Amino acid sequence: MEARMGNDSAVKEMTVLAEEHARPAFHILLHTGETFPCRADESVFSAMRRANVGGIKSGCQGGGCGICKMRVHRGSVCAFQPMSRAHVTRQEQSENTVLLCCVYPQSDLVLAPADGNRDEFQADSL
């Protein structure tokens, strides 16, 4: 009976792994030229940290600190939790500025700095 339980456990683990690989992964491109995958059910910030890109190593991950503020230059996202209005105003959000810890990707994305310094970012050349 114990051997069977072990097999059942292995089957469940394989099923979970297969489901994770079956989930769509979107490609995210940063203004630095770095790219990373992000699942549809994962915050862009979590995926960026997992891939060890983007230079942001920590943050509140709850929409309150503003460290992951960026502008979606191309693509679409879906907010799954509120963003602090102290960091992203309604006007900024309407112009595609988001906190990456609060959004899931809905397509491939190109992300730009939110600070308005667009001289550093040449998305069309990437």
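This is a short tour of the structure, stop by stop, with selections to make in the viewer.

**The whole chain**

Start with everything shown as a cartoon. The model is predicted. Colour by secondary structure and you should find three helices and seven strands. Walk from the N terminus and the order reads α-β-β-α-β-β-α-β-β-β.

Now switch on the surface. About 7,600 Å² of the protein is exposed, and carbon and sulfur atoms supply 50% of that area. Of the 126 residues, 31% count as buried. Turn to the contacts. Among those with a separation of 6 or more, 54% are between residues 24 or more positions apart.

**The nonpolar core**

Hide the surface and go inside. In soluble globular proteins, nonpolar side chains tend to be buried together. Here the largest nonpolar core has 23 residues. Select Phe36, Val44, Met48, Leu100 and Leu111, the members with the most contacts inside the core.

Next, colour the elements that feed this core. At least two residues each come from β2 (35-39), α2 (44-51), β3 (69-74), β5 (97-99) and β7 (109-113). Which element gives the largest share of the core? It is α2, with four residues.

Centre on Phe36 and show its surroundings. Leaving aside neighbours within four places in sequence, Phe36 touches Phe26, His27, Ile28 and Leu30, among others. The list of its contacts also includes Val44, Ala47, Met48, Ala51 and Val53. Keep Val44 and Met48 highlighted: both are also among the core residues with the most contacts.

**Three salt bridges**

Show the charged side chains. How many salt bridges does the structure hold? There are three.

Begin with Arg39 and Asp41. Their closest N and O atoms are 3.1 Å apart. Arg39 is partly exposed, at 26% relative accessibility. Asp41 is partly exposed too, at 37%.

Move to Arg50 and Glu42. This pair meets in a salt bridge at 2.8 Å, N to O. Is Glu42 buried or exposed? Glu42 is buried, with a relative accessible area of 7%. Arg50, by contrast, is partly exposed at 47%.

Finish with Glu92 and Lys69, which meet at 3.0 Å, N to O. Glu92 sits in helix α3 (residues 90-94) and Lys69 in strand β3, so this bridge ties together parts that are 23 residues apart in sequence. Both ends are partly exposed: Glu92 has 22% relative accessibility, and Lys69 has a relative accessible area of 25%.

**Two cysteines, no bond**

Select Cys60 and Cys65 and show the sulfur atoms. The pair may catch the eye, but a search of the whole structure finds zero disulfides. Why is there no bond from Cys60 to Cys65? The closest cysteine sulfur to that of Cys60 is in Cys65, 3.8 Å away, and this is too far for a bond. A disulfide here would need the sulfur atoms within 2.5 Å. Cys60 is partly exposed at 41% relative accessibility, and Cys65 is partly exposed at 35%.

**Ser107 and its loop**

Jump to the loop between β6 (103-105) and β7, where Ser107 has its place. Add Ser76 to the selection. A polar atom of the Ser107 side chain lies 2.9 Å from the backbone nitrogen of Ser76. Then widen the view. Setting aside neighbours within four places in sequence, Ser107 is in contact with Phe26, Gly75 and Ser76. Phe26 has come up before, as one of the contacts of Phe36.

**Positive phi in the α2-β3 loop**

For the last stop, select Asn52 and Gln61. Asn52 is found in the loop between α2 and β3, and Gln61 lies in the loop between α2 and β3 as well.

Check the backbone angles. Phi of Asn52 is near 60 degrees, a positive value in a residue other than glycine. Phi of Gln61 is also near 60 degrees, again positive in a residue other than glycine. Now compare their accessibility. Asn52 is exposed, with a relative accessible area of 53%. Gln61 counts as partly exposed, at 35% relative accessibility.

Note on methods. Residues numbered from 1 in each chain as written. Predicted model: local features only at pLDDT ≥ 70, side-chain atom pairs only at ≥ 80, totals over all residues. Heavy atoms only, no water. Buried < 20%, exposed > 50% of the residue type's maximum accessible area, 1.4 Å probe, protein only. Contact = heavy atoms within 4.5 Å. Areas by Shrake-Rupley, 256 points an atom, 1.4 Å probe, with all protein chains shown as cover. Core = buried A, V, L, I, M, F, W, Y, C linked by side-chain atoms within 4.5 Å. Salt bridge = Lys/Arg side-chain N within 4 Å of Asp/Glu carboxyl O. Polar contact = N/O pair within 3.5 Å; in protein donor to acceptor, adjacent residues only side chain to side chain.
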